[in-house]
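Visitor: I am new to this structure and would like to learn how to read it, one feature at a time. Could you show it to me before we begin?

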Amino acid sequence: MKMSAMSEHVGIEVSDVDLAAMSDADLAAIKDAVFQHGVVAVRDQAISPQQHIAFANRWGGIDINNYFPVNGEFAEIAEVRKAENQTTNIGGGWHTDHSYDQVPAMGSILVARELPPSGGDTLFASMGAAYDSLSDGLKATLETLKAVHSADHVYRADGYYAQTDMAADLRGHDQVTRAVHPVVIRHPVTGRKVLYVNGAFTLHFEGWTREESMPLLNYLVSVGARAEFACRLHWQPGTVAIWDNRSTWHLAMNDYHGHKRVMHRITLSGVPLAA
Ligand code: SIN
């Protein structure tokens, strides 16, 4: 198995390994790379949906996504797809998956199934590096705060996607989500301090109004989105990405109108988050 860094702060590219027949030692090395570097991109995989599920089960439990189109055959697999005639994509803003859950997902495993001829890359950003870049004063303030997360404004019947041409593909309009997490968490495996707010699902700081929260939230989102903390994954047929939702954000580029893109995602169960 070969590994190489994708950028200074986030991302490891892996080749010469078969995820579907991986030794325990290689899996331990991949897990370590995900926890230390946020995302691993494994190239040249021929992984069936059944093998995708079996590989996910080696990480622990699977969290079923309540909103994305489901794969017809496999309830564990959510489809992140955009058709030739759609202009909206799924995941087109910086976010981390399922931060609106009381126990947010540990990570996600995304398999490229159909790619556009060009475009459709995914950006990943290190929230450990973003946190480290803040002043001691702001760090100290953030460490006293919790934030409220929800997906309702994104997926409900009058939410963001309802106004778009992705509306008919999405489900879960009646789901009600609300979770409160520390703004700075200790990564459950590495112990690193990580900024845990995101532009898509964080509504406000606990005990603050939305109006009061937005200037600071917008600032934190602008820091997390700085190019210096990010890497760019250019998908190829056979690429599988595995990422840590606690320590990274990601953003799916929407620059391939007129072409289809289909990805299979399994979301991995996590643990409660603590400061
Ligand atoms: C997602 O947000 O999980 C989708 C990422 C992608 O489609 O690249």
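Visitor: Where does the ligand sit?

Guide: In this predicted model, the ligand sits in the largest pocket.

Visitor: Which residues surround the ligand there?

Guide: A residue is taken as near a molecule if one of its heavy atoms lies within 4 Å of it. Here the surrounding residues include Val 80, Gly 91, Asp 97, Leu 110, Thr 122 and Trp 243, and by class the shell has 4 nonpolar, 4 polar and 3 charged residues. Strand 15 (248-252) and strand 16 (261-268) each supply at least two residues of that shell.

Visitor: Which side chains have a polar atom close to an oxygen atom of the ligand?

Guide: Among them is Arg 265, with a polar side-chain atom 2.8 Å from a ligand oxygen, while for His 95 the distance from a side-chain N or O atom to an oxygen of the ligand is 2.9 Å, and for His 250 it is 3.0 Å. Of the 260 Å² that the ligand exposes when taken alone, the protein buries 100%.

Visitor: How many salt bridges does the count come to?

Guide: A salt bridge is counted when a side-chain nitrogen of Lys or Arg is within 4 Å of a carboxyl oxygen of Asp or Glu, and the count here comes to 12. One of these joins the side chains of Arg 43 and Glu 13, at 3.1 Å from N to O.

Visitor: What does the pair tie together?

Guide: Arg 43 lies in the loop between strand 3 (39-42) and helix 2 (49-57), whereas Glu 13 belongs to strand 2 (residues 12-15), so the pair ties together parts that are 30 residues apart in sequence.

Terms used:
Residues are numbered from 1 along each chain as its sequence is written. This is a predicted model: local features need pLDDT of at least 70, side-chain atom pairs count only at pLDDT 80 or more; totals for chains, interfaces and linings use all residues. Side-chain values use heavy atoms; hydrogens and water are left out. A polar contact is a pair of N or O atoms within 3.5 Å; within protein, one must be able to donate a hydrogen and the other to accept it, and residues adjacent in sequence count only if both atoms are side-chain atoms. Accessible areas come from the Shrake-Rupley method with a 1.4 Å probe; for residues, only the protein chains shown count as cover. On a 1 Å grid over the protein atoms alone, a cavity is a set of points where a 1.4 Å probe fits but cannot get out, and a pocket is an open set with protein on both sides within 12 Å along at least five of seven lines; lining residues have an atom within 4 Å of a point. A molecule sits in a cavity or pocket if more than half of its atoms lie within 2 Å of its grid points. Helices (H or I, at least four residues) and strands (E, at least two) are DSSP runs, numbered from the N terminus. Ala, Val, Leu, Ile, Met, Phe, Trp, Tyr, Cys and Pro count as nonpolar, Asp, Glu, Lys and Arg as charged, and the others, Gly among them, as polar.
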